[in-house]
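Me: Could you take a close look at one part of this model for me? I would like to hear about the nonpolar core, and then about the backbone and charged pairs elsewhere in the chain.

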Amino acid sequence: MPASAVLPAALVLALAAAPGSLARDKGESPFAAADAPPAKPAACHEIRGLIRDAPDQEEAARIDFGAVGPLSLVEHDGALAYLGICAEPDVRVLCVTYSTNGMQPGDVVAVTGGYQRVDENLVILDPCLAARPGEGG
């Protein structure tokens, strides 16, 4: 594997571990390397400030992001489930997964998945896992 293919992943890991970086909350960042759980999911009111410091998606390997909040959207199209947490004025987070697992609007859930910032008001996590806090992911 060429060094250029390894560098972005190494850069993401270095950013997560460096003082004053994404892990500025004593190592409790909502960002993590792909398929690794974040140390601390972000609350809805924290997301806008945290994503300002996110690595450039064009230059970084996949990173995961975790958030926790009340469900504002629960839809299933027969193949995929779409679970939305947080509401304006906070950044909305859409979790693309396979099942609603009986979750309903208003339930507080933790979501973790592949981070994609669509714009300043919407983050998509795909693929994503969702669970009620305390149930695991």
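Reply: Happy to; here is a walk from the confidence of the model to the core, the backbone and the charged pairs.

Please keep in mind that this is a predicted model. The protein averages a pLDDT of 79, and 75% of the residues score at least 70. Over residues 1-26, however, the pLDDT is below 50, and this stretch has 24 contacts in the model beyond near neighbours in sequence.

Now to the part you asked about. The largest nonpolar core holds 25 residues, and those touching the most other members are I47, I51, F65, I85, V111 and Y115. At least two residues of this core come from each of α2 (44-51), β3 (63-76), β4 (81-85), β5 (92-97), β6 (108-119) and β7 (122-131). V111 makes a good vantage point: leaving out residues up to four places away in sequence, V111 touches F65, G66, A67, I85, V93, C95, L125, C128, L129 and A130.

The backbone has some details worth checking in your viewer. Most residues other than glycine have a negative phi, and most peptide bonds are trans. In the loop between β4 and β5 you will find C86, whose phi is positive at about 70 degrees although C86 is not a glycine. C86 counts as buried because its relative accessibility is 4%, under the 20% limit. The loop between β4 and β5 also contains P89, which is joined to E88 by a cis peptide bond with omega of about 20 degrees. Another cis peptide bond links D126 and P127, with omega of about 0 degrees, and P127 is in strand β7. N101, in the loop between β5 and β6, has a positive phi near 50 degrees; at 48% relative accessibility, N101 counts as partly exposed.

Finally, the charged pairs. Side chains of opposite charge can pair when their charged atoms come close. A search of the whole structure finds 3 salt bridges. R62 pairs with D64, the closest N and O atoms being 2.7 Å apart; R62 is partly exposed at 36% relative accessible area, whereas D64 is buried at 4%. K40 pairs with E46, with 3.6 Å between the closest N and O atoms; K40 is partly exposed at 30%, and E46 is partly exposed at 26%. D107 forms a salt bridge with R132, where the closest N and O atoms are 3.4 Å apart. D107 lies in the loop between β5 and β6 and R132 in the segment after β7, so this pair ties together parts that are 25 residues apart in sequence.

Notes: Residues numbered from 1 in each chain as written. Predicted model: local features only at pLDDT ≥ 70, side-chain atom pairs only at ≥ 80, totals over all residues. Heavy atoms only, no water. Core = buried A, V, L, I, M, F, W, Y, C linked by side-chain atoms within 4.5 Å. Buried < 20%, exposed > 50% of the residue type's maximum accessible area, 1.4 Å probe, protein only. Helix = DSSP H or I, 4+ residues; strand = E, 2+ residues; numbered from the N terminus. Contact = heavy atoms within 4.5 Å. pLDDT = per-residue confidence, 0-100. Salt bridge = Lys/Arg side-chain N within 4 Å of Asp/Glu carboxyl O.
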